[in-house]
Amino acid sequence: MKLYYHPLSTYSQKVLIAFYEKEVEFTPYIVNLMDEASKKEYKEIYPLGKIPLLMCNDDHMIPESTIIIEYLDTHFSSGTRLIPEDKDAARQVRFIDRVQDNYLNDNIATLFFESMKPAEKQDSEKQAKAKEQLDIMYHYMNKQYSETTFAKGDDFTMADCSAVPALFYAQKIYPFEQFEGIKAYYKRVSERPSYQKVLAEAQPYLEKMFS
C-alpha cells in the first residue's frame with residue numbers, strides 16, 4: 001500500500017499514528033502541496049488534491065483520514081484496535097473523532113494559516129470565530145479528558161489519533177495552559193511510541209517551520 005501524505009499535516013499524522021498502532025507496513029510518498037509542481041503532479045493521481053490518500057495494492061484509492069483508519073481497522077487485526085467492537089462505543093469514538101477534526105483541528109488550522117498572512121490581509125472575523133469555537137472545545141475536552149485515560153475510556157482509539165496532532169499545534173498557536181485535564185491527557189497520549197515516531201519524522205520539517 002502507498003500512503004500519500006506530508007509529515008506536517010495533522011490529518012496525515014493522524015493516519016500515521018494509526019498505521020504504527022496497527023503495525024501495518026506501507027510505502028510512504030511525501031506530497032508538498034505548497035510546491036506547485038508537486039501539487040500538480042499529485043492532482044493527476046487525486047484531482048481533489050487533498051492528503052492523506054491511501055492507494056491499496058489493487059490501485060483502489062481511499063481518501064480522508066477517518067476513512068483510511070476505518071479501512072485499516074477493518075482489514076488488519078494486528079496491533080491496537082482503534083474502533084471498538086461494541087457498536088455504542090464505536091459510535092462514540094466516531095463522534096469524538098469528528099468533533100475534534102471539525103472544531104479542534106480545523107480551527108487551529110484556520111488560526112495558523114491566517115497568522116501566516118500579512119497583518120493587513122488577516123481575517124479578524126474568521127480568527128475570532130475560530131477562537132470562540134476553540135474555547136468551547138477546550139472546556140468540553142477538559143471535562144471529558146479529566147474523567148478518562150484516553151479520549152474514550154481506558155483504551156487508545158481513533159479519537160486519540162485525531163486529538164494528539166491537533167493538540168501539538170494548539171499548544172503553540174492557541175495554548176491550553178489553564179486546562180489541566182487537557183494538559184495531562186496530552187502528556188499521556190504524546191508519550192505513546194506511535195506518536196513519538198510520527199513526531200521524530202516530522203522534526204526536520206518542524207524546525208524549518210518554527211525557526
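Let me start with one residue, Ala128, which sits in helix α5, residues 124–146. Ala128 has a relative accessible area of 45%, so it counts as partly exposed. Its C-alpha is 9.1 Å from that of Leu111, and the two residues are 17 positions apart in sequence. Keep in mind throughout that this is a predicted model.

Now the chain as a whole. The protein chain has eight helices and four strands. Going along the sequence, the order is β-α-β-α-β-β-α-α-α-α-α-α. The radius of gyration is 17 Å, close to the 17 Å from the globule rule for 211 residues, so the chain is as compact as a globular protein of that length. Along the principal axes, the C-alpha atoms fill a box of roughly 45 × 45 × 30 Å.

On burial and contacts: of the 211 residues, 47% are buried. Among contacts with a separation of 6 or more, 69% are between residues 24 or more positions apart.

The surface next. About 11,400 Å² is exposed by the protein chain, and 51% of that comes from carbon and sulfur atoms. As for charge, there are 26 positive and 33 negative side chains, and the centres of the two sets are 2 Å apart.

How is the chain divided into domains? The assignment gives domain 1 as 2–81 and domain 2 as 87–198. Ala128, where I began, therefore has a number that falls within the bounds of domain 2. Over C-alpha atoms, the centres of domain 1 and domain 2 are separated by 21 Å. Between them, 16 residues of domain 1 are in contact with 19 residues of domain 2.

Last, some backbone details. Ile51 and Pro52 are joined by a cis peptide bond, with omega about 5 degrees. Pro52 lies in the loop between α2 (36–43) and β3 (53–55).

Which loop holds Glu23? That residue is in the loop between α1 (10–22) and β2 (27–30). Glu23 has a positive phi, near 60 degrees, and is not a glycine. Is Glu23 buried or exposed? Its relative accessibility is 60%, and the cut-off for exposed is over 50%, so Glu23 counts as exposed.

Glu64 also has a positive phi, about 75 degrees, without being a glycine. Its place is the loop between β4 (61–63) and α3 (65–75). With a relative accessible area of 45%, Glu64 is partly exposed.

Methods. Residues are numbered from 1 along each chain as its sequence is written. This is a predicted model: local features need pLDDT of at least 70, side-chain atom pairs count only at pLDDT 80 or more; totals for chains, interfaces and linings use all residues. Side-chain values use heavy atoms; hydrogens and water are left out. Helices (H or I, at least four residues) and strands (E, at least two) are DSSP runs, numbered from the N terminus. The radius of gyration is taken over C-alpha atoms; the globule rule is 2.2 Å times the number of residues to the power 0.38. Buried means under 20% relative accessible area, exposed over 50%, partly exposed in between (1.4 Å probe, protein chains only). Contact means heavy atoms within 4.5 Å. Accessible areas come from the Shrake-Rupley method with a 1.4 Å probe; for residues, only the protein chains shown count as cover. Lys and Arg count as positive and Asp and Glu as negative; His and the chain ends are not counted. The place of a charge is taken as NZ of Lys, CZ of Arg, CG of Asp or CD of Glu. Domain bounds come from an automatic or database domain assignment.
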